[in-house]
Amino acid sequence: MGLSGISLLTTTYSLILQHQSLLLCLRAKGFGLDLKKDMEGVDYLSDERKKAQFDVEAMKIAWAGSLEAFQLSDRMAKLVANDPAFEKFTRPMLGRKELIKNTLRKAAHGWKLIVDLRLTEEEAKWLRLYIDEPAYTDLHWGMFIPAIEGQGTEEQKKKWLPLAKKMQIIGCYAQTELGHGSNVQGLETTATFDPQTDEFIMHSPTLTSSKWWPGGLGKASTHAVVYARLIVGGEFHGVHGFIVQLRSLDDHSPLPGVTVGDIGMKFGNGAYNTMDNGVLRFDHVRIPRDQMLMRVSQVTREGKIMQSDVPRQLIYGTMVYVRQTIVADASKALSRAVCIATRYSAIRRQFGSRNGGPETQVIDYKTQQSRLFPLLASAYAFRFVGEWLKWLYTDVKERLAANDFSTLPEAHACTAGLKSLTTSFTADGIEECRKLCGGHGYLVSSGLPELFAVYIPACTYEGDNVVLLLQVARFLVKTVSELGYKKPVGTTAYMGRVASLMQNNCAVQTAEGWLNPGAVVEAFESRAARMAVRCGQQLAKYENPEEGFAELSADLVEASIAHCQLIVVSKFIEKLQQDIPGKGVKQTLEVLCYVYALFLLHKHQGDFLATGYLTPKQASLANDQLRTLYSKVRPNAITLVDSFNYTDHYLGSILGRYDGNVYPKLYEAAWKDPLNDSDVVDGFYEYVQPILKQKLRTAKL
Ligand SMILES: CC/C=C\C/C=C\C/C=C\C/C=C\C=C\C(=O)SCCNC(=O)CCNC(=O)[C@H](O)C(C)(C)COP(=O)(O)OP(=O)(O)OC[C@H]1O[C@@H](n2cnc3c(N)ncnc32)[C@H](O)[C@@H]1OP(=O)(O)O
Ligand SMILES: Cc1cc2nc3c(=O)[nH]c(=O)nc-3n(C[C@H](O)[C@H](O)[C@H](O)COP(=O)(O)OP(=O)(O)OC[C@H]3O[C@@H](n4cnc5c(N)ncnc54)[C@H](O)[C@@H]3O)c2cc1C
């Protein structure tokens, strides 16, 4: 077959699919065919894109939040994608030292762009996101600076923030220790005030008091906000944050009394190993008194503790901030995995060929749809709840600045609960996407293994997900116990209608009856209220409330999940009550909203049935409607993932390529693996050939 014959094969999509395996054989070394030339520039997903029933450009704006947000994000994504310095294909093959050096190089190049192009903080944030490589800069900008902003006095902010924002110092957030992470009040590092020298003495009294995990601490940071037990006059005054210099600003060597290093390799290749999570010990290290973050409590020159009006929980404020950003990140990680799995599901064909025609696209299998489309809907749901949570956090921040702390408990419950809900679902969702891509999903070049490895610690960092749901449970139990005299507000306002939510059962009679926002919200409210009240009633039976709480904690976690799912469903529905421009955009989002809600209802039907709100028939009608909804998603699936506007660089996946040119690129990538540099593998002559050449003497073999 000549080259002209080969190019003929490119004329139609279906023909190419039929002959792809033949072409790939020809590409093998020795045939000298340049498949790349023949295949490039063809959009294998163009037929799919023509099926869209909505305006994709308008959906991109709805996803981004506004035209300005879209343009900014798009600009930063392209800046990164077009810069070869940010190549990441070889990352999983690098050894740890090369990996870290490579990350330091990328972070430096990113900073140069930020300075040279005079990027705003918002632009810089998006730039770092699209560089897509966990680095010390995440902790510097994401936790060190916010900790000073939230817990420092005006004077402290004036001194430290300019240094940090110009990157003249590099900081991290050193809270967790070898022996304690979740139990912050159990931290053992001490900060003892010495009135003679007006200093704090930072000390690690035990092995378990070693700081362990802080990102950026291992190799990069010059400073840390260190959380330690404040000891004044021999008495313990709670855990507080202290700014401590760790390394010389000249040669980066650890300062006297400081032992610091990296904690070692973590899960996966590449992945989170680009981060220098560290270990830190202090041997009576002295820092000036004014390096304790003093917005909440102050220690005077005379060694007196002064409490401001600010509640002590503000010491945990940085975690509230980061948990809120983690919810937004969940939608990014999930949408990325879903984008890969959806595009590949439209390219991949298995079975069903009739009369030699093409096989069935796996996306057309109902089982594939029932696994994939709820993930797609969840990505949108998390995007919108993340947007709402950002608003809530901004509101709380403004209130805190004006010394109004009234909404802090709700902000804590919402950020903790939604962080837990969205990260657990996303971690499972990425793994499901890997399975949805069959064998090829297991290849590093699919992008999914690294995405999974990098993402799963989100279920643990910034608060273990179960520990966080138990915080939500405390908030719910308190709300229920106060119902008689305090009107619940915000996300628990529905509890104010607890009597009717306990009494009235679902009125839906047909599958179409589920296409009603009122019916959906009432179902989720009733389930959440009934589960919380039931927990409250059970708890009341215990003399010791703490003992009861511990005993019932598994049920309390379930009640918290029900409450958090209600928030996500409600915020999606509220979003749809806004003006959303663009042909078919709102209607398509409505379909996704129902998919999200009815999928949850189906998955957790045990709750809805056990609380007596639904009959089995009504649960079954919801499932019937869900099947119909999947058919409505199908024609829009590819364009719904295109609306995320991810570059091929950011996706980092051959299976998820925008043009769908999967097989030739997978084939090409295999040949780029260093193992294929030579035909005869290193080690053959030492370890394989002797076996092949051995003369066996044993009779048995
Ligand atoms: C890096 C940032 C950039 C981008 C983000 C994107 C991705 C992240 C990428 C990588 C991750 C990188 C970094 C990760 C960093 C970390 O992990 S930092 C360490 C985080 N650690 C934790 O989250 C510890 C979890 N534990 C806790 O939060 C608490 O100790 C607790 C379990 C909540 C408290 O337990 P306890 O019962 O002992 O509580 P107390 O201390 O006695 O306090 C109880 C009262 O306080 C209220 N409370 C608790 N937490 C908060 C809070 N955060 N805000 C406000 N209020 C809070 C609680 O409700 C009680 O109130 P009360 O009932 O009225 O008394
Ligand atoms: C990749 C990564 C990055 C990190 N970055 C940082 C950082 O920059 N700075 C920093 O300070 N820390 C960091 N951490 C630490 C992180 O915040 C902690 O690991 C996290 O808060 C969980 O605490 P733990 O490890 O003590 O878990 P544990 O509390 O020991 O959890 C172990 C198990 O016990 C259960 N458990 C614990 N308490 C309870 C309870 N009361 N009731 C029921 N079950 C319970 C948990 O659910 C879990 O199943 C990082 C961690 C990781 C993995």
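User: Before ligand 2 is discussed, where do the bounds of a domain come from?
Analyst: Domain bounds are taken from an automatic or database domain assignment. The structure discussed here is a predicted model. In the shell around ligand 2, two such domains are involved, namely domain 2 (145-308) and domain 3 (318-642). The source of their bounds is therefore an automatic or database domain assignment.

User: Where does ligand 2 lie with respect to domain 2 and domain 3?
Analyst: Domain 2 (145-308) gives residues to the shell around ligand 2, and domain 3 (318-642) does so too. Because both contribute, the position of ligand 2 is between domain 2 and domain 3.

User: Which residues come nearest to ligand 2, and which element gives the largest share of its shell?
Analyst: There are 22 residues around ligand 2, and the nearest are Gln 175, Thr 176, Gly 181, Ser 182 and Trp 213. Two or more residues come from each of strand 1 (171-174) and helix 15 (465-481). By character, the shell holds 11 nonpolar, 9 polar and 2 charged residues. Its largest share, 3 residues, comes from helix 15.

User: Does the radius of gyration of the protein chain agree or disagree with that of a compact globule?
Analyst: For 701 residues, a compact globule would have a radius of gyration near 27 Å. The C-alpha trace spans about 90 × 70 × 70 Å along its principal axes, and buried residues make up 44% of the chain. The radius of gyration of the protein chain is 28 Å, so the two agree.

User: Is Thr 611 buried or exposed?
Analyst: Thr 611 is found in the loop between helix 21 (605-610) and helix 22 (616-633). A residue counts as buried if 20 or more other C-beta atoms lie within 10 Å of its own. Thr 611 has 20 such atoms within 10 Å, so it is buried.

User: Which residues is Thr 611 in contact with, leaving aside its neighbours within four places in sequence?
Analyst: Sequence distance and spatial distance must be kept apart here. Thr 611 and Ala 528 are 83 residues apart in sequence, yet their C-alpha atoms are 9.4 Å apart in space. The contacts of Thr 611 beyond those neighbours are Ser 526, Arg 527, Arg 530 and Met 531.

User: Which strands stand at the edges of the open sheet with the order 4-8-7?
Analyst: This sheet has 3 strands with antiparallel pairing. Strand 4 pairs with strand 8 (278-282) over 2 bridges, and Lys 211 stands opposite Leu 280 in strand 8. Each edge strand has a single partner, so one side of each is left without a neighbour in the sheet; these are strand 4 (211-212) and strand 7 (258-262).

Note on methods:
Residues numbered from 1 in each chain as written. Chains lettered and ligands numbered in written order. Predicted model: local features only at pLDDT ≥ 70, side-chain atom pairs only at ≥ 80, totals over all residues. Rg over C-alpha atoms; globule rule 2.2 N^0.38 Å. Buried ≥ 20, exposed ≤ 12 C-beta atoms within 10 Å, placed from the backbone. Helix = DSSP H or I, 4+ residues; strand = E, 2+ residues; numbered from the N terminus. Contact = placed C-beta atoms within 7 Å. Near = placed C-beta within 6 Å. Nonpolar A, V, L, I, M, F, W, Y, C, P; charged D, E, K, R; others polar. Pairing = 2+ DSSP bridges.
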